Amino acid sequence: MSRQGLQDRLRQALAENPRLRLAIPLLGLLATLFAWQELDAVRGDAAKAAQAEQAKLARIKALRGQDFWLERADESQRIRDALLAEMPLTATPGLAQASVQSQLTALSRALGGRSNARITAEPVLDDTLPEGIVRIRGSLSAGMAPRQALDILQRIESAANLNVIERSDIRSGSNQTASIVFSAYFRLQADGVEE
């Protein structure tokens, strides 16, 4: 059927059916309203995005010229250097473990040579540590009075190297025991470098 024939049939159907004549403008109106609603939604999303970007720009402009970020960077560097200075140098993780084992042996001897003291020193794999830093976990468990346990804790914390108490369990009464777990941190020497 040709294009002209389709147009003639459409004119004839419109002339014969008044409902069809009424439906075509209504369909056009509905299509226009739907398009307007979609455009309004797109405009609203664009306005929200623009407001978010404007707020972000205002925050960035507010930070511009504030020197405290530079001061914080300097302070962070000083704290990092101070922590590194508290970490003794060691050639290997095994020597760091031996050092903690020696420290634990000295602490257990401070208890008066009790034979029930249990000590362990083991390396800890910690992906959050910077490269060249080794963490050794030491633990001491023994029967001791609470005052002795507090003395041991003080000795661990006041050591020249960086020790961090992770956990302590001190029991008093008839069964006086203590269990102390701490981490000791060491710096690995770079090959051929001595400080």
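## Charged pairs and surface patches, up close

Counting salt bridges in this model gives seven. The model is a predicted one, and the close-ups below pick out a few of its charged contacts and two of its surface patches.

**View 1. R135 and E166 pair up across two strands.** Here the side chains of R135 and E166 form a salt bridge, with 2.7 Å from N to O. The two partners sit 31 residues apart and link distant parts of the chain: R135 belongs to strand 3 (residues 133–143), while E166 belongs to strand 4 (residues 163–171). R135 is buried because its relative accessible area is 13%, under the 20% cut-off. E166, at 32% relative accessibility, counts as partly exposed.

**View 2. E166 also meets R137.** Stay with E166 and bring R137 into the frame: their side chains make a salt bridge at 3.0 Å, N to O. R137 is in strand 3 and E166 in strand 4, so this contact ties together parts that lie 29 residues apart in sequence. Put R135 back in and you get one network, with R135, R137 and E166 joined by salt bridges that share partners. As for R137, its relative accessibility is 25%, so the residue counts as partly exposed.

**View 3. R80 and D81 in a salt bridge.** The side chains of R80 and D81 come together with an N to O distance of 4.0 Å. That still makes the list because the cut-off is within 4 Å. Both ends of the pair are partly exposed: R80 has 45% relative accessibility and D81 has 39%.

**View 4. A negative patch around E71.** D67, E71, D74 and E75 form a negative patch on the surface. Zoom in on E71 and you'll find this residue in helix 3, which covers residues 68–86. E71 is exposed, since its relative accessibility of 52% is over the 50% cut-off.

**View 5. A nonpolar patch built from leucines.** This surface patch is made up of L22, L26, L27, L29, L30 and L33, which together have about 620 Å² of accessible area. One of its members, L22, lies in helix 2 (residues 18–63). L22 has a relative accessibility of 56%, so the residue counts as exposed.

Definitions and conventions
Residues are numbered from 1 along each chain as its sequence is written. This is a predicted model: local features need pLDDT of at least 70, side-chain atom pairs count only at pLDDT 80 or more; totals for chains, interfaces and linings use all residues. Side-chain values use heavy atoms; hydrogens and water are left out. Patches are made of residues with over 30% relative accessible area and no salt bridge: like charges are joined within 9 Å, nonpolar side chains (Val, Leu, Ile, Met, Phe, Trp, Tyr) within 5 Å. Accessible areas come from the Shrake-Rupley method with a 1.4 Å probe; for residues, only the protein chains shown count as cover. Lys and Arg count as positive and Asp and Glu as negative; His and the chain ends are not counted. The place of a charge is taken as NZ of Lys, CZ of Arg, CG of Asp or CD of Glu. Helices (H or I, at least four residues) and strands (E, at least two) are DSSP runs, numbered from the N terminus. Buried means under 20% relative accessible area, exposed over 50%, partly exposed in between (1.4 Å probe, protein chains only).
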